[in-house]
Amino acid sequence: MKKLVIYNHGKDSSPWGEKTLVFAEVAKRHGYVFESPDYREVVNPDDRVRQLLALDLSDYDEIVLIGSSMGAYVATVAAETIKPRGLFLMAPAFFYPAIYELNSIRQLIIHW
């Protein structure tokens, strides 16, 4: 079984910061492949969602999405399509002025 964790960074963050490296280490210890898309050139959060959904995820049996700030918005919106096994959000920017309010979240969310 191929398992994947995707970390979605925040608006002003980078794809391979300190948090990302820690998550990657934990994911690999548990047998997951780890990806962290680079959204730094993409300002619009919905364009970031489209970038995430454009990834070829067909090889994976299990996917976990992680998101921080705007990346939490991206992970949550994409989760409607990806149907991940888990959705982990940190400081979700659901009500950031440029982001539309999410009306329905159907996944289990662990927020700390």
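These legends accompany close-up views of a predicted model. Local features need pLDDT of at least 70 and side-chain atom pairs count only at pLDDT 80 or more, while totals for chains, interfaces and linings use all residues. Residues are numbered from 1 along each chain as its sequence is written, and side-chain values use heavy atoms, with hydrogens and water left out.

**View 1. The crossing of helix 2 and helix 3.** The axes (lines fitted to C-alpha atoms over the stretch in contact, with angles from 0 to 180 degrees between N-to-C directions) of helix 2 (residues 45-53) and helix 3 (residues 70-82) come within 9 Å and cross at roughly 50 degrees. Helix 2 is therefore oblique to helix 3, a term for angles outside the classes under 35 (roughly parallel), over 145 (roughly antiparallel) and 65 to 115 degrees (roughly perpendicular). Helices here are DSSP runs of H or I with at least four residues, and strands are runs of E with at least two, numbered from the N terminus.

**View 2. Residues where helix 2 meets helix 3.** With contact meaning heavy atoms within 4.5 Å, Pro-45, Asp-46, Arg-48, Val-49, Leu-52 and Leu-53 of helix 2 meet residues of helix 3 including Met-70, Tyr-73 and Val-77. The contact comprises ten nonpolar, one polar and two charged residues, where Ala, Val, Leu, Ile, Met, Phe, Trp, Tyr, Cys and Pro count as nonpolar, Asp, Glu, Lys and Arg as charged, and the others, Gly among them, as polar.
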